[in-house]
Amino acid sequence: MKTEITRMLGIQYPLFQGGMAWVADAKLAAAVSNAGGLGLIGASAAPGEVVEGMIREAKSLTDKPFGVNVMLMSPFADDVARICAEQGVKVVTTGAGNPGKYMEMWKNAGIKVIPVVASAALAKRMERAGADAVVAEGCESGGHIGELTTMTLVPQVVDAVSVPVIAAGGIADARGVAAAFALGAQAVQCGTIFVCAEESPAHENYKNLIVKAKDTETIVTGRNGGAPIRSLKTKLTRKLAKMEHEEISLEEFEKFAAGSLRKAVQDGNLEEGSFMAGQISGLVSRIAPAKVIADELMQTSEALLKNLVAERGITFE
Ligand code: TUI
């Protein structure tokens with residue numbers, strides 16, 4: 001499948017791997033890029049030198065294009081943004097904010113800039129600021145989310161901008177990919193399914209929770225604090241969700257949630273971890289190499305898109 005996005009970035013598949021905090025390291029990003037998609041290093045809240053190390057490692061593991069996701073709420077976002085420019089990173093995506101102040105630096109460095117947006121308004125602002133494309137991420141996604149679903153967000157963003165749109169949120173099989181293309185997307189971004197890649201550094205408890213999860217097993221916490229996060233239902237996230245209905249300070253809430261993602265990814269701590277994952281977790285049923293995930297997703301999508309009407313028994317009368 002070749003689209004505006006595969007041509008723009010020189011990649012084989014119109015498939016991005018989400019830049020998941022703590023999970024999207026150099027090995028996972030390189031594995032996805034080597035498989036033909038666009039691997040992304042998730043800078044999350046890591047200091048600049050740590051991200052620089054990951055970029056160097058990814059360069060040693062792949063000669064294919066890869067990108068860095070800059071998490072704009074990070075205290076190190078300024079350093080990470082500068083390092084991406086200095087290191088000649090090919091693609092930068094951003095999350096959890098407006099990357100306007102970095103756009104000129106990145107464009108001057110020849111970087112393809114692809115902000116993640118959760119509204120058509122931000123998509124338009126990003127296009128005006130020089131974005132090469134946008135990722136429209138619906139609230140089915142794991143991690144920090146906006147208000148709109150993928151089904152409603154993607155076509156509205158597609159109509160709002162003339163740059164290509166990558167659909168994210170709730171996509172983990174060929175049906176999701178075909179739906180995204182029907183909504184007007186030129187590529188998809190998948191997160192949850194790549195947490196379960198063999199190359200992903202997520203603790204085996206994290207991968208197994210996703211593999212075993214049913215459709216209703218995610219929950220959103222932090223809606224009151226302004227940074228809603230979708231994670232799997234665990235003792236911690238149920239408790240956090242309950243605390244939101246009680247009168248507690250933001251400080252107290254944050255203290256409780258602090259470090260919980262690291263505890264999930266590195267320690268597999270089922271008591272205190274926050275296992276961020278999307279609503280499509282129920283569809284992810286195995287741990288597999290990134291290449292198997294990418295090949296299967298894309299080859300099945302190609303077949304489905306070619307035969308959709310016949311496969312669904314649709315006739316035009
Ligand atoms: O960024 C994500 N997903 C994330 S970031 C993350 S780490 C984190 N941990 C604790 C608190 C916050 C973040 C885990 N998952 N996805 C992209 C995304 N961006 N989703 C929603 C947005 C977004 C929301 C509001 C982007 C911009 C925005 O408003 C910006 C503005 O100024 O209008």
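Helix α8 (residues 174-182) buries Ala174, Gly176, Val177, Ala178, Ala180 and Phe181. These buried residues pack against β8 (165-168), β9 (187-190) and α14 (290-311). Just after α8 comes Gly184, with a positive phi of about 110 degrees. The model is a predicted one.

**Domains and cores**

The domain assignment splits the protein in two. Domain 1 covers 4-198 + 286-303, and domain 2 covers 204-280. Their centres, taken over C-alpha atoms, are 23 Å apart. Domain 1 puts 22 residues into the contact, and domain 2 puts in 21 residues.

The largest nonpolar core holds 80 residues. Leu15, Val68, Cys84, Trp106, Phe194 and Tyr206 have the most contacts inside this core. Helix α4 (residues 77-86) supplies the largest share, six residues. Where does this core lie with respect to domain 1 and domain 2? Both domains give residues to the core, so it lies between them.

Trp106 shows the packing at one point of this core. Leaving aside neighbours within four places in sequence, Trp106 is in contact with Val70, Ala81, Cys84, Ala85, Val92, Thr94, Pro99, Ile111 and Val113. A second core of 14 residues is separate, and its members include Ile11, Leu40, Ile114 and Val135.

**The ligand site**

Around the ligand stand 15 residues. The closest are Met73, Ala96, Val116, Glu137 and His144. Three of the residues named here place an N or O atom beside a ligand nitrogen, as tabulated.

| Residue | Protein atom | Ligand atom | Distance |
|---|---|---|---|
| Ala96 | backbone N or O | nitrogen | 3.0 Å |
| Glu137 | side-chain N or O | nitrogen | 3.1 Å |
| His144 | backbone N or O | nitrogen | 2.9 Å |

Taken alone, the ligand exposes 720 Å². The protein buries 71% of that area. Two elements, α6 (120-128) and β7 (143-144), each give two or more residues to the shell around the ligand.

**Positive phi outside glycine**

Most residues other than glycine have a negative phi. Ala96 departs from this pattern, with a positive phi of about 60 degrees. Ala96 sits in the loop between β4 (91-95) and α5 (103-108). Is Ala96 buried or partly exposed? Its relative accessibility is 27%, so Ala96 counts as partly exposed. Ala96 is also one of the closest residues to the ligand, and its backbone provides the 3.0 Å approach to a ligand nitrogen.

Ser44 also has a positive phi, near 35 degrees. Ser44 lies in the loop between β2 (39-42) and α3 (48-61). With a relative accessible area of 11%, Ser44 is buried.

**A buried serine in α13**

Ser260 belongs to helix α13 (residues 260-265). What does Ser260 touch beyond residues up to four places away in sequence? The answer is Leu236, Glu272, Gly273 and Ser274. The relative accessible area of Ser260 is 8%, under the 20% limit, so Ser260 counts as buried.

Key:
Residues are numbered from 1 along each chain as its sequence is written. This is a predicted model: local features need pLDDT of at least 70, side-chain atom pairs count only at pLDDT 80 or more; totals for chains, interfaces and linings use all residues. Side-chain values use heavy atoms; hydrogens and water are left out. A nonpolar core is a set of buried Ala, Val, Leu, Ile, Met, Phe, Trp, Tyr and Cys residues joined through side-chain atoms within 4.5 Å. Buried means under 20% relative accessible area, exposed over 50%, partly exposed in between (1.4 Å probe, protein chains only). Helices (H or I, at least four residues) and strands (E, at least two) are DSSP runs, numbered from the N terminus. Domain bounds come from an automatic or database domain assignment. Contact means heavy atoms within 4.5 Å. A residue is near a molecule or strand if one of its heavy atoms lies within 4 Å of it. A polar contact is a pair of N or O atoms within 3.5 Å; within protein, one must be able to donate a hydrogen and the other to accept it, and residues adjacent in sequence count only if both atoms are side-chain atoms. Accessible areas come from the Shrake-Rupley method with a 1.4 Å probe; for residues, only the protein chains shown count as cover.
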